[in-house]
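Let's take a walk through this one together, starting at the ligand and then stepping back to the domains. Have your viewer open and follow along.

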Amino acid sequence: MLIVMKSGASESEIENVLETIEALGYRGHALPGENRTAIGLTGNRGAVDPAHFENLPGVAQAIRVTQPYKLISKDLRPEKSVIKVGNAEIGGSELAMIAGPCAIESREQLIETAETVVESGAKFFRGGAYKPRTSPYAFQGMGEDGLKMLVDIRDQFGLNIVTEAMDEHGVDAVEKYGDCIQIGARNMQNFSLLKYAGKTRKPILLKRGMSATLDEFLLAAEYIMAEGNYDVILCERGIRTFADHARNTLDLSIVPAVNRLSHLPIIVDPSHGTGHNYMVMPLARAGVAVGADGLIIEVHPHPERALCDGAQAMTPVQYLELFDEVRRIHAAMAVGSQRNEEKLLTVA
Ligand code: PEP
Ligand code: MN
């Protein structure tokens with residue numbers, strides 16, 4: 001059930017609808033939009049009678065939802081959600097760039113990388129303290145000591161920190177030290193972890209599972225939102241296919257598919273999506289051109305010495321060039337869409 005409020009509905013009318021939903025034993029989620037607020041109803045097993053809400057003051061419409069998802073949907077919020085991450089935003093008019101090493105290895109490595117990230121003008125810094133490695137014998141990350149180093153990076157460089165949590169302990173730690181909790185591909189369908197992350201008040205970067213369909217991806221986001229955390233950013237990072245020329249197959253077609261159905265921002269990870277340094281730049285360009293709200297890029301001052309994912313890491317020089325190029329593609333697209341809007345206005 002989706003309850004659309006009239007454009008001038010007051011706070012108390014919205015509150016009244018939320019109280020009515022609660023009294024019926026369900027949960028209400030109010031998402032304010034540019035022109036009106038819509039309220040999603042969750043917790044119902046069967047159909048809910050719209051008659052409960054239709055005649056309440058301030059209600060424009062009560063609509064039954066036939067899709068499997070409710071809160072991620074554009075029906076609830078037609079315009080793109082702009083998610084605040086630390087002191088910056090993802091989903092707004094500016095292209096969001098998250099850059100940094102795969103794993104936190106040392107203070108020196110972080111500082112050297114952060115100098116480049118700041119120079120580029122990016123506002124978000126990445127670096128894993130908890131690493132989901134295929135082999136139990138591979139470097140597993142620096143844990144909480146690494147997170148504390150990220151805090152110093154934020155203090156010194158003013159960058160907002162995006163870092164992965166692999167379990168509930170990690171969610172608590174990243175909530176404490178970071179600005180955005182990354183849920184990795186391998187945990188996209190760890191439903192208890194999604195629910196736990198949904199109870200935090202830090203934004204969540206949700207990476208697509210390596211065999212997840214569009215619906216499974218969106219429903220994973222729905223799990224987080226159903227718990228009351230509406231600040232979810234989606235990330236396409238490549239899926240497993242028969243192709244073996246790249247580490248994964250970056251499925252860029254999911255960007256317009258998500259943009260058609262959901263108000264959530266979506267970014268692209270051409271680093272894990274390809275696994276090869278020489279492929280990162282072309283796929284970063286393509287990700288922006290296909291309409292992503294941002295990119296997440298692995299950068300290492302000395303890729304040959306990286307403890308994790310060195311083959312896909314950009315050098316600082318390559319990364320600076322990459323950001324310069326994709327920024328220009330993004331700007332050209334904004335001009336293009338403004339022209340299209342103007343054309344449509346002229347025709348109308
Ligand atoms: C990462 O971003 O460091 C990572 C492990 O990504 P993914 O979950 O997409 O493999
Ligand atoms: Mn990595």
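**From the ligand out to the domains**

Keep in mind that this is a predicted model. Start with Q182, whose side chain places an N or O atom 2.9 Å from an oxygen atom of ligand 1. Another side chain to pick out is that of R126, where an N or O atom sits 2.8 Å from an oxygen of ligand 1. The backbone joins in too: a polar backbone atom of A185 is 2.8 Å from an oxygen atom of ligand 1. As for how much of the ligand is covered, on its own ligand 1 has 290 Å² of accessible area, and the protein covers 97% of that.

Now look at the whole shell. Besides R126, Q182 and A185, the residues surrounding ligand 1 include K131, P132, E164, G184 and R186. K207, R237, H272 and E298 are also part of that shell. Sorted by class, the shell holds 7 charged, 3 polar and 2 nonpolar residues.

Time to zoom out. The domain assignment splits the chain into domain 1, covering 2-63, and domain 2, covering 83-336. Their C-alpha centres are 34 Å apart. The two do touch, with 4 residues of domain 1 and 6 residues of domain 2 taking part in the contact.

So how big is that interface? The size of an interface is often given as the accessible area lost when the parts come together. Here about 410 Å² is buried between domain 1 and domain 2, and carbon and sulfur atoms give 53% of it. On the domain 1 side, R27, H29 and L31 supply 83% of the area buried against domain 2, more than any other three residues.

What about polar links across the interface of domain 1 and domain 2? The count of salt bridges there is 0, while 2 residue pairs are in polar contact. By class, the side of domain 1 that touches domain 2 consists of 1 nonpolar, 2 polar and 1 charged residues.

Conventions: Residues are numbered from 1 along each chain as its sequence is written. Chains are lettered from A and ligands numbered from 1 in the order in which they are written. This is a predicted model: local features need pLDDT of at least 70, side-chain atom pairs count only at pLDDT 80 or more; totals for chains, interfaces and linings use all residues. Side-chain values use heavy atoms; hydrogens and water are left out. A residue is near a molecule or strand if one of its heavy atoms lies within 4 Å of it. A polar contact is a pair of N or O atoms within 3.5 Å; within protein, one must be able to donate a hydrogen and the other to accept it, and residues adjacent in sequence count only if both atoms are side-chain atoms. Accessible areas come from the Shrake-Rupley method with a 1.4 Å probe; for residues, only the protein chains shown count as cover. Ala, Val, Leu, Ile, Met, Phe, Trp, Tyr, Cys and Pro count as nonpolar, Asp, Glu, Lys and Arg as charged, and the others, Gly among them, as polar. Domain bounds come from an automatic or database domain assignment. Contact means heavy atoms within 4.5 Å. Buried area is the accessible area (1.4 Å probe) that two parts lose on being put together, summed over both. A salt bridge is a side-chain nitrogen of Lys or Arg within 4 Å of a carboxyl oxygen of Asp or Glu.
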